[in-house]
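Trainee: Could you take me through one part of this model in detail? I'd like to start from a single residue and work outwards from there.

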Amino acid sequence: MSLLKKSILTLSGNVICVVFGVVTQMILTRKLMPGGMGQYQVFLDAGVLAATLMTLGIGQAGVYFLNRKKEPVTAVVMNTFYWWCICSIILIVIWCIVVKTFVGYFGELPFLAIMCYAFGIAAILFVNLLFPVLTAALRMAEAVIVSITLP
């Protein structure tokens with residue numbers, strides 16, 4: 001696939017996601033009204049914050065091991081994956097307990113919604129852990145390509 005096709009595909013995907021996000025927010029705002037939308041936003045923000053705190057800087061540590069220690073990318077990614085498996089199980093259990101315990105803060109929510117978003121938090125955790133490592137691996141590949149093509 002050429003660079004032009006890849007860029008068009010990426011741009012069109014981003015535009016579709018933005019349009020989908022705007023439509024979703026419009027529907028949620030109409031259905032939940034201001035009070036419900038605030039409760040929904042607290043629920044979402046707390047989950048994203050929990051996933052961010054649970055990473056504990058492991059993704060950035062993976063970049064260190066790639067660049068300084070010259071560890072293989074597969075070893076770093078697999079160790080990060082193992083950490084994600086452990087942390088996601090802990091995070092899902094703790095999230096369900098916290099949301100059901102603090103009903104005054106999060107509001108009364110159905111357990112299915114809590115569980116679905118708990119798995120979404122695990123996905124956010126996965127992205128937060130692997131994004132720095134995979135970005136560093138991509139940057140290393142770009143540096144090699146640039147060093148070969150420029151001369």
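Mentor: Let's start with Thr-80, which is found in helix 3. Keep in mind as we go that this is a predicted model. Is Thr-80 buried or exposed? Thr-80 has a relative accessibility of 3%, and the cut-off for buried is under 20%, so Thr-80 counts as buried. Leaving aside its neighbours within four places in sequence, Thr-80 is in contact with Leu-129, Leu-130 and Val-133.

Now look at Phe-81, also in helix 3. Phe-81 is partly exposed, with a relative accessible area of 30%. As for its partner, Phe-81 forms an aromatic pair with Phe-126. The ring centres are 6.3 Å apart and the planes sit at 85°, an edge-to-face arrangement. Because Phe-81 lies in helix 3 and Phe-126 in helix 5, the pair ties together parts that are 45 residues apart in sequence. Phe-126 counts as partly exposed too, at 29% relative accessibility.

Next to Phe-126 in the numbering comes Leu-125, and here we get to the core. Which residues does Leu-125 touch, not counting those up to four places away in sequence? They are Ala-51, Met-54, Thr-55, Trp-84, Cys-87, Ser-88 and Leu-91. Leu-125 is also among the residues with the most contacts inside the largest nonpolar core, alongside Phe-43, Trp-95 and Val-99. That core has 20 residues, and the elements that give two or more residues to it are helix 1 (3-55), helix 3 (73-101) and helix 5 (111-149). As background, nonpolar side chains tend to be buried together in soluble globular proteins.

Phe-43 takes us on to the rings. The structure holds 11 aromatic pairs. In one of them, Phe-43 and Phe-106 have ring centres 6.3 Å apart and planes at 85°, so this pair is edge-to-face. Phe-43 is in helix 1 and Phe-106 in helix 4 (residues 103-106), so to speak a link between distant parts of the chain, 63 residues apart. Both Phe-43 and Phe-106 are buried. Ring pairs also link Phe-43 and Phe-106 into a cluster with Trp-95, Tyr-105 and Tyr-117.

Follow helix 1 away from the core and you come to Val-15, which lies in that helix. With a relative accessible area of 46%, Val-15 is partly exposed. Val-15 helps make a nonpolar surface patch of about 440 Å², together with Leu-11, Val-19, Val-23 and Ile-27.

Finally, have a look at two loops. Leu-56 lies in the one between helix 1 and helix 2 (58-67), and Lys-70 in the one between helix 2 and helix 3. What is the sign of phi at Leu-56? Phi is positive there, about 55°, although Leu-56 is not a glycine. Lys-70 also has a positive phi, near 55°, and is again a residue other than glycine. For context, most residues other than glycine have a negative phi. Leu-56 counts as exposed at 59% relative accessibility, and Lys-70 is exposed as well, with a relative accessible area of 64%.

So, back to where we began: Thr-80 is buried in the model, and its contacts include Leu-129 and Val-133.

Key. Residues are numbered from 1 along each chain as its sequence is written. This is a predicted model: local features need pLDDT of at least 70, side-chain atom pairs count only at pLDDT 80 or more; totals for chains, interfaces and linings use all residues. Side-chain values use heavy atoms; hydrogens and water are left out. A nonpolar core is a set of buried Ala, Val, Leu, Ile, Met, Phe, Trp, Tyr and Cys residues joined through side-chain atoms within 4.5 Å. Buried means under 20% relative accessible area, exposed over 50%, partly exposed in between (1.4 Å probe, protein chains only). Helices (H or I, at least four residues) and strands (E, at least two) are DSSP runs, numbered from the N terminus. Contact means heavy atoms within 4.5 Å. Rings of Phe, Tyr and Trp (its six-membered ring) pair if their centres lie within 6.5 Å; planes under 30 degrees apart count as stacked, over 60 as edge-to-face and the rest as tilted. Patches are made of residues with over 30% relative accessible area and no salt bridge: like charges are joined within 9 Å, nonpolar side chains (Val, Leu, Ile, Met, Phe, Trp, Tyr) within 5 Å. Accessible areas come from the Shrake-Rupley method with a 1.4 Å probe; for residues, only the protein chains shown count as cover. A salt bridge is a side-chain nitrogen of Lys or Arg within 4 Å of a carboxyl oxygen of Asp or Glu.
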